[in-house]
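Let's take a walk through this protein together, starting with the overall fold and then stopping at a few individual residues. Keep the 3D view open as you read.

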Amino acid sequence: MTDDHDELKPEDMVPERVERFAMTVGSVWREARVSCPHADILLAFQQDSLDAGQMAYVRFHVEDAACPYCQAVLEDLGRERAPDADAPLENFRERLRSSTIHVLREKRGRDSK
Ligand SMILES: [Zn+2]
């Protein structure tokens, strides 16, 4: 069993590298997007109320595959604010980008503890 995906280390989380990482994630996301869990599943994941197999799947999708769409959804759920489905695409893309960076910064904070 080989592990050929790049492990993103906390020390790699400088802004320029996050930009590059986000682009890499984008291509992974396009391939993985067909299996994006529904927002209801993401909410259940956040509330830790899925069964073990589902938790593992969603965790892989959100954390290992680092799907920016689902991370943005989770962030919205975390704010207890419904995702705005009618937001213009530019707003969505900007929010997606800042959400991804925000998630990475939070991850960095957790990892360095
Ligand atoms: Zn996804």
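The protein contains five helices and zero strands. Following the chain from its start, you will read the pattern α-α-α-α-α. Please bear in mind that this is a predicted model.

Let's look at the chain as a whole before turning to details. The protein has 113 residues, and 16% of them count as buried. Its contacts tell us about the reach of the fold: taking those between residues at least 6 apart in sequence, 75% join residues at least 24 apart.

Now find one pair of helices, α2 (residues 39–46) and α4 (residues 68–78). Their axes lie 10 Å apart, and the two helices pack at an angle of about 60°. An angle of that size falls outside the ranges for roughly parallel, roughly antiparallel and roughly perpendicular, so α2 is oblique to α4. The crossing of α2 past α4 is right-handed.

Which residues bring α2 and α4 together? From α2 come Ala 39, Leu 42, Leu 43 and Gln 46, and they meet Cys 70, Val 73, Leu 74, Leu 77 and Gly 78 of α4. By character, the residues of this contact are seven nonpolar and two polar, with no charged ones.

Next, follow the chain out of α2 into the loop that leads to α3 (52–64), where you will find Asp 48. Is Asp 48 buried or exposed? It counts as exposed, because it has 7 C-beta neighbours inside 10 Å and the limit for exposed is 12 or fewer. Its backbone deserves a look too: most residues other than glycine have a negative phi. Asp 48 is not a glycine, yet its phi is positive, at about 60°.

A similar backbone feature turns up in the loop between α3 and α4, at Ala 66. Ala 66 has a positive phi of about 50°, although it is not a glycine. What about its surroundings? Ala 66 has 22 other C-beta atoms within 10 Å, so it is buried; the cut-off for that class is 20 or more.

Our last stop is helix α5 (residues 89–111), which holds Arg 97. Arg 97 counts as partly exposed because it has 15 C-beta neighbours inside 10 Å, a number that lies between the limits for exposed and buried. To see how the chain folds back here, pair Arg 97 with Ala 72: they are 25 residues apart in sequence, and their C-alpha atoms are 8.7 Å apart in space.

Technical notes:
Residues are numbered from 1 along each chain as its sequence is written. This is a predicted model: local features need pLDDT of at least 70, side-chain atom pairs count only at pLDDT 80 or more; totals for chains, interfaces and linings use all residues. Axes are lines fitted to C-alpha atoms, for helices over the stretch in contact, and angles run from 0 to 180 degrees between N-to-C directions. Helices (H or I, at least four residues) and strands (E, at least two) are DSSP runs, numbered from the N terminus. Angles under 35 degrees count as roughly parallel, over 145 as roughly antiparallel, 65 to 115 as roughly perpendicular and the rest as oblique. A crossing is left-handed if the near helix is turned anticlockwise from the far one by less than a right angle, and right-handed if clockwise. Two residues are in contact if their C-beta atoms, placed from the backbone, lie within 7 Å. Ala, Val, Leu, Ile, Met, Phe, Trp, Tyr, Cys and Pro count as nonpolar, Asp, Glu, Lys and Arg as charged, and the others, Gly among them, as polar.
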